[in-house]
Every structure is written in structure tokens, then in C-alpha cells.
Number of protein chains: 2
Amino acid sequence: MSLPVNTYFTSRATVRKFDHTRQLSAEMLTTLLAAASHAPNTGNMQTYCAIVSATPEEVAALALAHFSQPAASGAQALVTFCADLNRFNRWCRLNNAEPGLDNLQGFLWAAMDATIFAQQFVTVAEQAGLGTCYLGTTTYNAAQIAETLDLPVGVVPVISVAVGWPAEMPQQSTERLPLEAVAHVGKYRNPSDGEIREMYAEEEALPANREFVAANGKENLAQVFAQIRYPKEANEHFSRVYREFIKSKGIEI
Amino acid sequence: MSLPVNTYFTSRATVRKFDHTRQLSAEMLTTLLAAASHAPNTGNMQTYCAIVSATPEEVAALALAHFSQPAASGAQALVTFCADLNRFNRWCRLNNAEPGLDNLQGFLWAAMDATIFAQQFVTVAEQAGLGTCYLGTTTYNAAQIAETLDLPVGVVPVISVAVGWPAEMPQQSTERLPLEAVAHVGKYRNPSDGEIREMYAEEEALPANREFVAANGKENLAQVFAQIRYPKEANEHFSRVYREFIKSKGIEI
């Protein structure tokens, strides 16, 4: 026996080019955010917020903080999801209560709840016919994003979504690792070296990935990931920058 | 003009009691996880995994790490979502590449992608008729969870979901703050003190919350949150414990 799964879930794909001839207003997006806010969150504290940038000027200003990557500068709107302790902290202090979320645990609750909110927004938006693309650059330039959006103490951007009407039909859903790579039953089953090689074989064989390896002069796809796309030194640099930014917003993780 | 929103999103609610007379197998759940794995993730690295506990013995053993709260010990299955660098790190090293995700940035990518995976699983499961409840206790007892599930170096539990056939019809969807509390347009608009009081007025007036305040001998709901449910000392304690656990798994955040 199996359970019914809407084909949307298995056929969805990221969209990076948008059709600006179709209308997409801030109001339309806040209505989708209202629906997404019914997603679960820790203790119903709702320590998150979303900021909608939907005018060409707002998108252009914010896209600078995302290295002007085409998915950002070409978006019809950007939605920045933040861990938001500001409202909760001020509510507590107005009520003679000292809040205690300005630490790793409090930040992780807020950041994960902001992420759940973001993912529910993505699902609601895609099921309404829109295309979306997460921007992984949010943590890199958090300070610039905060300045652009007037974020006060207690508010930290964690993840952003570019959104708009699709200008291209997404191809078949992106390749994913075989199920046994990401799902375990009962206990974690640590694969053998051979099994790990097999899990990645299909991804490594994709023409686009083979070209990517050749163009970068690397031996294989893993080297592209570890040395070009996500090198250790860059990750350590952005870890320091992001931690300092979070501290500047009153949270010590 | 507004966009179509499936009524599921605005009417959903958390389910904490499950009907054990209806079958729910590990295989049924891994099929839902396969669909959820099409949710977006950072660079398609898929640095996450899910472990399904679906036998009564597995649920009972894992529920201990969740303080045996009824939603956990009474679940038909528990699904533990982890940041998982193990598979990616080993793939890199098998390919003469040194991975660099063992830091705050790498952990946040993995934890947020695990959270997106978890939320997509919740949506897929709920749309298939199942009920779900997130367990916020995952970070409290991560070491005990890791021991129960045989988690190797590189794998850190971040969020868990109790799942099963609903034994109760969820009431109307949980109260949420007014939209202006969580959605901003253009810039972050910092509310006045009076506006913050208004945002929480409806939640404070709920009979269940008024009883909660009285039963705990507090003056108001904010004190219940800050002093009883999420006190600063406990959050700081669990921040230290979780950071140490993450370090024991080879990641320094």
C-alpha cells in the first residue's frame, strides 16, 4: 500500500528566468505569505519575518547584496526571510519579562522556523503557478541586506527567495541522489566506499557536470564542489563574517 | 487580483494523537521522503538525511530522548532529520578533494536544508492524509538521539517529526499573529509599543492562554514564555550542550 502524492512534489524544479509581462504585486505575495504562516513553528512564538521587495528599484537595490546574480537581479520580486527576535523581545519587555533567546539555541529556533516559513512560501507560490529560486548568498552579505532593508537589532536574514512568473518551463526535476543516500530505516546505515561511489555515479555522468569539471580543469566533480564552489577558506571566512554580524544584532551564537 | 491558494495551507493544524489501528509502514514513509527530496537544497549537495523509526520498539526507544512526551511516545513513527556531512565528506575524500563544510557556514547550510527537507515531508505527509507534530526537543538530547540511531561523525540531528494517522480532527488552524507582524513590504517597519501590544492581544485573550497564565501564577503570557517555557538559563545550557555535541561530530560552529 502506498499513499497519494501530488505530482507537483516530484516534478517541481527551480526557475531562474521570469516573465515580467505578467503582473506580480507585493499584495499578491503577502497573501501567499499569510497562507505560509500557518506552517508549524516553535511554541507558536513566530520569531521570524519576511520582507517583500517587489518594485524594480527595490529588487535592483537588494540584488547588489546577492552579487547581482541573474536569478536575483532578474527576479520580479525578492523575499528575504529573517530570524526575528525584535518583536518577541519587545513584547516580553513590555510585559515585565526578560526574554532569553539571544543565544545559539534561540537563534537556531528562529532560523529554522524562518526556513520552514520560507519553504512553505515556496510551496504555496509554486502551487499557485509561480517560479522560485533560493539565493544561497543571504548569509554572505547579511550586513548589506540588513542595511538595505532597515533591519533593527534582533533581526538576522537567513534565507532569500527570488520569485516571479516562469519565463521558461523548468526541465525535468533536478537530479537527486538515490533514496538510500538520504533515507534510513531504524538505524543510520553507513555506506561502504563502493556504495558511495555508486550513489554519485549518475550525477557525475551528467553531461553538464562533465563539462563543468573540464571547464575548471579539475579531475572530478567532488573537486569542483570542494575547491571551486564551496572552498573551505571561503566557508570559514563567511562563518566569521556572519557570526560577527549576528553579534552586531544582539545575538551571540 | 489574487493567486489561488489550496485551502490545505490555511486550514492545516498540528496533530498529537494518532490512530494505531491504521497501517503506517516504514516503506510508506520512505516513499513520502523520496517525494520530499525534490525540495530545493544548497548546490544540490543534499547534506541531509532522515531516519525513520516505525516499529513500536524503535519509537519507544527514541521517544525517551524526547522526554517521553505523548506526541513522541504515542506516535506511529518518528522521523529524525539530520545535517549530514558524512556522505559528502567521504565522497570528496574518495576523489582526492578536501571538503570544507565543518564550520558554522557549512553546518547552517546543512541544518537549513535538513529543515527544508523536513517541512516538505510534513506537507507531503499532511496532504496524503497523515497528521504530524514537530518535536522541539531534538537539539536538547542530540547525543542520546545519535546513540539510539547510530549516527556517525558528520551527522547531527536538527529536527524531528512525529507522524501517524490522525486520531483527532485538528481544530481550526492554530492562531497566528496578524500578517503585519510577520510580513513587511519594501523595508522592515518597526512597530510602536502600542502596535506590539495589539498584535498579541488576540493570543493573550484566548481562554487556554489565560488559564496557562493563572495555572503558572504569572502576570501575563509573555512571562509564561520567558520564565516557564523558554527560560534564558535553560536556553544557554542547551546552547552549550548542543555546541559540544556538534563538535564531537567533527563540526566546529
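This is a short dialogue on reading the contact between two chains in a predicted model.

User: Let's start with symmetry. What rotation and shift superpose chain A on chain B?

Analyst: For a pair of copies, look at the angle and at the shift along the axis. Here the rotation is 180° with 0.0 Å of shift along its axis, and chain A lands on chain B with an RMSD of 0.0 Å. That is how a two-fold axis relates two copies.

User: Why can I say that the copies meet through the same surface?

Analyst: Compare the interface residues of the two chains. In this model, 100% of those in chain A are also interface residues in chain B, so the same surface is used by both copies. The contact involves 123 residues of chain A and 123 residues of chain B.

User: How much area is buried between chain A and chain B, and what share do carbon and sulfur atoms give?

Analyst: The buried area is about 11,100 Å², with 61% from carbon and sulfur atoms.

User: Now the polar side. How many residue pairs are in polar contact between chain A and chain B?

Analyst: Counting pairs with both residues at pLDDT 80 or more, there are 64 between the chains. On the side of chain A that touches chain B, helix α6 (residues 104-127) gives the most, with 14 residues. By residue class, that side of chain A divides into 66 nonpolar, 37 polar and 20 charged.

User: And how many salt bridges are there between chain A and chain B?

Analyst: There are four between the two chains, while the structure holds twelve over all chains. One to look up joins the side chains of Asp193(B) and Arg90(A), at 2.8 Å from N to O. This pair crosses from helix α9 (residues 193-205) of chain B to helix α5 (residues 86-94) of chain A. Arg90(B) and Asp193(A) also form a salt bridge, at 2.9 Å from N to O.

User: Which strands of chain A and chain B are joined by bridges, and do they run parallel or antiparallel?

Analyst: Strand β1 (residues 48-53) of chain A and strand β5 (residues 183-185) of chain B run parallel, joined by three bridges. To find the place in the model, go to Ile51(A), which stands opposite His184(B) in β5(B).

Key
Residues numbered from 1 in each chain as written. Chains lettered and ligands numbered in written order. Predicted model: local features only at pLDDT ≥ 70, side-chain atom pairs only at ≥ 80, totals over all residues. Heavy atoms only, no water. Least-squares fit on C-alpha atoms with pLDDT ≥ 70 in both. Contact = heavy atoms within 4.5 Å. Buried area = accessible area lost by both parts, 1.4 Å probe. Polar contact = N/O pair within 3.5 Å; in protein donor to acceptor, adjacent residues only side chain to side chain. Helix = DSSP H or I, 4+ residues; strand = E, 2+ residues; numbered from the N terminus. Nonpolar A, V, L, I, M, F, W, Y, C, P; charged D, E, K, R; others polar. Pairing = 2+ DSSP bridges.
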